[in-house]
Amino acid sequence: MSKEPYRTLRQAFSSCGGTVDALVFEPIIANYLERVSFPTGTVLWHQGDPPNGLYVIESGVLRATYKFVNPAQQFEESMVAGTLAGELSALAEAPRNATVTVEHGPAVMWKLNGENLRRLQNEEPDLARIFIQLVLKGKNKKVFFAIPCLFC
């Protein structure tokens, strides 16, 4: 099996205690993920856009800007290699909650679009369940260093 995207998937899920067995995940890698690349400055999506998939970042840096009604609650975060982008809105089929731009590129990512996610759930339901659980566990472990202190 090619080193990518297996290495990036393993890195993305290692922080949540998940294991990515190459043989188990081979169907996702071979049949559902698409390698995409975007140059610096590309806006991948705007806050409020419909989801177009989730991304596993192989290289580059993405910048997410979150804007809320209360300006004091606005913040930004950087997403680097070995992390996920757009996963919650993609899984929930909900509007994007941030504007995401390629800050340092090219950004090379592995995309699981909505159609392929639905195919994965229909064709490989057990594998889809494992994958989604790892995505959600990884999200729960994510730490936002850029959130302003609201109690300071």
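**Exercise 1. One residue under the lens**

Is F131 buried or exposed, and what is its relative accessible area? Work out where F131 sits in the chain and what it touches.

*Solution.* Keep in mind throughout that this is a predicted model.

Step 1: Find the element. F131 belongs to helix 5.

Step 2: Check the accessible area. The relative accessible area of F131 is 0%. The cut-off for buried is under 20%, so F131 counts as buried.

Step 3: List the neighbours. Leaving out residues up to four places away in sequence, F131 touches L9, F13, F25, I28, L54 and L112.

Step 4: Pick one neighbour and look at the backbone. F13 is 118 residues away from F131 along the chain, yet their C-alpha atoms are separated by 9.4 Å.

**Exercise 2. A pair of rings**

Describe the aromatic pair formed by F13 and F131, and explain what the pair ties together.

*Solution.* Step 1: Know what to report. You describe a pair of aromatic rings by the distance of the centres and the angle of the planes.

Step 2: Read off both values. For F13 and F131, the centres lie 5.7 Å apart and the planes make an angle of 85 degrees. Planes over 60 degrees apart count as edge-to-face, so this pair gets that label.

Step 3: Place the partners. F13 is part of helix 1 (residues 6-14) and F131 is part of helix 5 (residues 125-141), so the pair ties together parts of the chain 118 residues apart in sequence.

Step 4: Look at the surroundings. F13 and F131 are both buried. Ring pairs also bring in F25, giving a cluster of F13, F25 and F131. In total, the structure has five aromatic pairs.

Step 5: Try another kind of ring partner. Over the ring of W45 you'll find the charged end of R96, 3.8 Å from the ring centre.

**Exercise 3. Mapping the strands**

Which strands pair with strand 6, and which pair with strand 3?

*Solution.* Step 1: Get the overall layout. There are five helices and six strands, and from the N terminus they run α-α-β-β-β-β-β-α-β-α-α.

Step 2: Start with strand 6 (residues 99-112). Strand 1 (residues 34-38) pairs with strand 6 in the antiparallel sense, over five bridges. One example is R35, whose bridge partner in strand 6 is W110.

Step 3: Add strand 2 (residues 43-45). Strand 2 is antiparallel to strand 6 too, over two bridges, with V43 opposite T101.

Step 4: Add strand 3 (residues 54-66). Strands 3 and 6 share 10 bridges, again antiparallel. Here R63 faces T101 and A64 faces V100. So T101 has V43 opposite it in one pairing and R63 in another.

Step 5: Turn to the other partners of strand 3. Strand 4 (residues 75-79) pairs with strand 3 in the antiparallel sense over five bridges, and A64 has E77 as its bridge partner there. Strand 5 (residues 84-85) pairs with strand 3, also antiparallel, over two bridges; Y55 stands opposite A85.

Step 6: Check how covered strand 3 is. Of its 13 residues, 10 are buried, so strand 3 is mostly covered.

**Exercise 4. A helix residue that is partly exposed**

How does R7 count by its relative accessibility, and how far apart are the C-alpha atoms of R7 and E58?

*Solution.* Step 1: Find R7. You'll see R7 in helix 1.

Step 2: Classify R7. Its relative accessibility is 36%, so R7 counts as partly exposed.

Step 3: Look across the sequence. The C-alpha atoms of R7 and E58 are separated by 8.6 Å, with their positions 51 residues apart along the chain.

**Exercise 5. Stepping back, and knowing what to trust**

Sum up the whole chain, then say where the pLDDT drops below 50.

*Solution.* Step 1: Look at burial and surface. The chain has 152 residues, and 40% of them count as buried. The accessible surface is about 8200 Å², with 54% belonging to carbon and sulfur atoms.

Step 2: Look at the contacts. Taking contacts with a separation of 6 or more, 77% are between residues 24 or more positions apart.

Step 3: Check the confidence. The mean pLDDT is 85, and 86% of the residues reach 70 or more. Over residues 141-152, though, the pLDDT is below 50; this stretch has 19 contacts in the model beyond near neighbours in sequence. Where pLDDT is low, don't read the predicted coordinates in detail.

Methods:
Residues are numbered from 1 along each chain as its sequence is written. This is a predicted model: local features need pLDDT of at least 70, side-chain atom pairs count only at pLDDT 80 or more; totals for chains, interfaces and linings use all residues. Side-chain values use heavy atoms; hydrogens and water are left out. pLDDT is the predictor's confidence in each residue, from 0 to 100. Contact means heavy atoms within 4.5 Å. Rings of Phe, Tyr and Trp (its six-membered ring) pair if their centres lie within 6.5 Å; planes under 30 degrees apart count as stacked, over 60 as edge-to-face and the rest as tilted. Helices (H or I, at least four residues) and strands (E, at least two) are DSSP runs, numbered from the N terminus. Buried means under 20% relative accessible area, exposed over 50%, partly exposed in between (1.4 Å probe, protein chains only). A charge sits over a ring if NZ of Lys or CZ of Arg is within 6 Å of the ring centre and within 35 degrees of the ring normal. Two strands pair if DSSP finds at least two bridges between them. Accessible areas come from the Shrake-Rupley method with a 1.4 Å probe; for residues, only the protein chains shown count as cover.
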